[in-house]
Amino acid sequence: MKKGIIFDLDGTLWDSSKEVANAWQAALEEHFDIEKDITAGMIQGVMGKSLYEVADILFSEFDKKKRWELLNYCFERENEYIRSHGGILMDGVEELLVQLKLSGYHLSIVSNCQEGYIEAFLEYHKLGDYFDDFECFGKTGREKGHNIHLVAERNHLDQAVYIGDVQGDYYAAQEAGIPFIHAKNGYGSIQQEVPYITGLSQLPKVVEDVFAEEHHEWNCKMKKITSFTIDHIKLQPGVYVSRKDYAGSEAITTFDLRMTSPNDEPVMNTAEMHTIEHLAATYLRNEPEFGGKVIYFGPMGCRTGFYLLLAGDYASSDIVKLITELFEFIRDFRGEVPGASPKDCGNYLDMNLPMANYLANRYLEGTLYGIDEKHLIYPE
């Protein structure tokens, strides 16, 4: 069985915040003549975030085009500076890597950094021989969760764990579908109760325990599909990412369009669900932006909502506009339901357009209009 340990970089393996701040300060002063103090604390505050977020946070006073110009030049100078100055390694990094390699673990790094940054880290500290792979936002243009999954898949890891230090690292591991270990010696804290270390010397034992527990759970019971692991008592109507699957390197995102509160209010009848299915399938296949990415739209067996499968790697917030416009179409539709004929449908009489109109309006007014994060991310 091939086991892999995937590391976050900043705050987990090293602290380069001082060196990065020095590089950025020089870049802004020399190339742009901008008087702006860049501190190590500011850099620590954005480490782990996507490059888009870094630009928006540190250069918020500039327009988007200028933010990216500043960010890209700072990254160029940063990579050069790191290659010649390095950073501060966490205590015991090389000793840990030696031990893990001798134990047969596949080691890799996934970071939300720019391309060239991980290479600079490995080059300066001469740690390249310990790592089998690495990936970053700057290379793929994808968030950390996608890249963790990508590394695990392309290296054919049977078991993998992600080691990180901030809340976003936990979310990324969750998205990738692998266990997470919190490096408490890093920059941030984690809201959830997870396995943790306070120093790198503790990692081998904690990793061993995590893999053993995961293997035990696998042997004791069949792995539940993702939708069965959600607490339906807490689940409210919303738009959620149910799961992400991969065909090769291409993602397929399954969305949970939950229209009624499970086990708390009456489910939808088949006639109105059937009507919604016909109308939604027609609308979605003809939608200009997403039409070519629609793989499937259909009802949940529990009759509390629908599943939508899109080709691509999406967050629930990415499709709020699409789903809102879809249900406005269903709410306002009048006339003959597309495909509601004996020639086109195997149960064409099982239709209820007025109820479909009503349920669509209920979903819009009660959930989609003004939807917040609580109704975009599954409850813990």
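This report walks through some strands, helices, cores and aromatic rings of a predicted model.

## Strands side by side

Let's begin with strand E1, which covers residues 3–7. Four of its five residues are buried, so the strand is mostly covered. E1 pairs with strand E6 (residues 159–164) through five bridges, and the two run parallel. One of the residues involved is Phe-7, whose bridge partner in E6 is Ile-163. E1 also pairs with strand E4 (residues 106–111), again in the parallel sense, this time over four bridges. Here Gly-4 has His-106 in E4 as its bridge partner.

From E6 we can step on to strand E7: three bridges join them, and they run parallel. Gly-164 is matched with His-182 of E7 in this pairing. E7 spans residues 180–183, with Phe-180 and His-182 pointing one way and Ile-181 and Ala-183 the other. Side chains in a regular strand alternate between the two faces of the sheet. In E7, the residues pointing either way are all buried.

## Two nonpolar cores

The largest nonpolar core takes in 58 residues. Ile-5, Phe-7, Trp-24, Ile-109, Phe-131, Ile-181 and Leu-203 have the most contacts inside it. Helix H1 (residues 17–32) gives the most to this core, with seven residues. Another core, of 38 residues, lies apart from it; Met-273, Phe-290, Leu-308 and Leu-353 are among its members.

## A look at helix H1

H1 has 16 residues, and its first and last C-alpha atoms are 21 Å apart, close to the 22 Å expected at 1.5 Å a residue. Its buried residues include Ser-17, Glu-19, Val-20, Trp-24, Leu-28 and Phe-32. In an α-helix there are 3.6 residues a turn, so residues three or four places apart point the same way.

What do the buried residues of H1 pack against? They meet strand E2 (14–15) along with helices H2 (40–46), H3 (51–58), H4 (64–85) and H6 (117–125). Just after H1 comes Asp-33, which has a positive phi, near 55°.

## Over to helix H11

Helix H11 runs over residues 270–286. Its 17 residues should span 24 Å at 1.5 Å a residue, and its end C-alpha atoms are indeed 24 Å apart, so the two values agree. Among the buried residues of H11 are Met-273, His-274, Ile-276, Leu-279, Tyr-283 and Leu-284. The buried residues of this helix pack against strands E11 (294–299) and E12 (305–311), and against helices H12 (320–332) and H13 (353–368).

## Rings and a charge

A search of the whole structure turns up 16 aromatic pairs. One of them joins Phe-297 and Phe-306, which are stacked, with 5.1 Å from centre to centre and 15° between the planes. Are these two rings' residues buried or exposed? Phe-297 has 7% relative accessibility, and it counts as buried because that is under 20%. Phe-306 is at 0%, so it counts as buried too.

Elsewhere, Trp-24, Phe-59, Phe-62 and Phe-75 are linked by ring pairs into a cluster. Trp-24 is also one of the residues with the most contacts inside the largest core, and it is among the buried residues of H1. Finally, there's a charge to look for: the charged end of Lys-184 sits over the ring of Tyr-196, 3.9 Å from its centre.

Note on methods:
Residues are numbered from 1 along each chain as its sequence is written. This is a predicted model: local features need pLDDT of at least 70, side-chain atom pairs count only at pLDDT 80 or more; totals for chains, interfaces and linings use all residues. Side-chain values use heavy atoms; hydrogens and water are left out. Buried means under 20% relative accessible area, exposed over 50%, partly exposed in between (1.4 Å probe, protein chains only). Two strands pair if DSSP finds at least two bridges between them. A nonpolar core is a set of buried Ala, Val, Leu, Ile, Met, Phe, Trp, Tyr and Cys residues joined through side-chain atoms within 4.5 Å. The expected span of a helix is 1.5 Å times one less than its number of residues. Contact means heavy atoms within 4.5 Å. Rings of Phe, Tyr and Trp (its six-membered ring) pair if their centres lie within 6.5 Å; planes under 30 degrees apart count as stacked, over 60 as edge-to-face and the rest as tilted. A charge sits over a ring if NZ of Lys or CZ of Arg is within 6 Å of the ring centre and within 35 degrees of the ring normal.
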